[in-house]
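Please open the model in your viewer and keep the selection panel at hand. The tour below proceeds one selection at a time.

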Amino acid sequence: MVQIGKQGVSEPAQLAVDEALTAHELIKVRLHEPDDKKAMAAALADTANAALCGLVGHTVILFRPHPEKPRIKT
């Protein structure tokens with residue numbers, strides 16, 4: 001699980017999300033007190049080139065298939 005702090009979607013957070021998606025394909029990202037969690041979730045999915053699968057509370061679920069060896073069939 002990746003956690004996004006009060007600074008929002010910063011460059012280190014984007015790198016952590018990208019690495020986690022490459023390694024796991026399906027990840028959860030915890031948002032800490034966002035002003036607009038829906039907009040932040042959409043922005044996070046957009047910057048990671050991932051699909052926004054869900055938003056449960058302050059937890060965003062993202063999916064991006066591995067470019068060479070996808071484990072999850074869509």
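**Helix 2 and its surroundings**

In this predicted model, begin with helix 2 (residues 37-48), whose buried residues pack against strand 1 (2-4), helix 1 (11-24), strand 2 (26-31), strand 3 (51-56) and strand 4 (59-63). To see which residues these are, select Met 40, Ala 41, Leu 44, Ala 45 and Ala 48. Turn the view to look down the axis of helix 2: the buried residues fall within an arc of 135°, so they line one face of the helix.

Next, select Lys 38 and Asp 46, which are exposed and lie on the face of helix 2 turned away from its buried side. Viewed from the side, the 12 residues of helix 2 reach 16 Å from the first C-alpha to the last, close to the 16 Å expected at 1.5 Å a residue. Just after helix 2, stop at Asn 49, where phi is positive at about 55°.

**Strand 2 and its partners**

Now select strand 2. In a regular strand the side chains alternate between the two faces of the sheet. Here Ile 27, Val 29 and Leu 31 point to one face and are buried, whereas Leu 26, Lys 28 and Arg 30 point to the other and are not buried.

Add strand 1, which runs parallel to strand 2 and is joined to it by 3 bridges; Ile 4 has Leu 31 of strand 2 as its bridge partner. Trace the chain from strand 1 through helix 1 to strand 2: this β-α-β crossover is right-handed.

Finally, add strand 4, which is antiparallel to strand 2, with 5 bridges joining the two. Val 60 in strand 4 is the bridge partner of Val 29, one of the buried residues of strand 2.

Conventions
Residues are numbered from 1 along each chain as its sequence is written. This is a predicted model: local features need pLDDT of at least 70, side-chain atom pairs count only at pLDDT 80 or more; totals for chains, interfaces and linings use all residues. Side-chain values use heavy atoms; hydrogens and water are left out. Helices (H or I, at least four residues) and strands (E, at least two) are DSSP runs, numbered from the N terminus. The expected span of a helix is 1.5 Å times one less than its number of residues. Buried means under 20% relative accessible area, exposed over 50%, partly exposed in between (1.4 Å probe, protein chains only). The arc is that of the directions from the helix axis to the C-beta atoms. Contact means heavy atoms within 4.5 Å. Two strands pair if DSSP finds at least two bridges between them. A crossover is right-handed if, with the strands pointing away from the viewer, the path from the first strand over the helix to the second runs clockwise.
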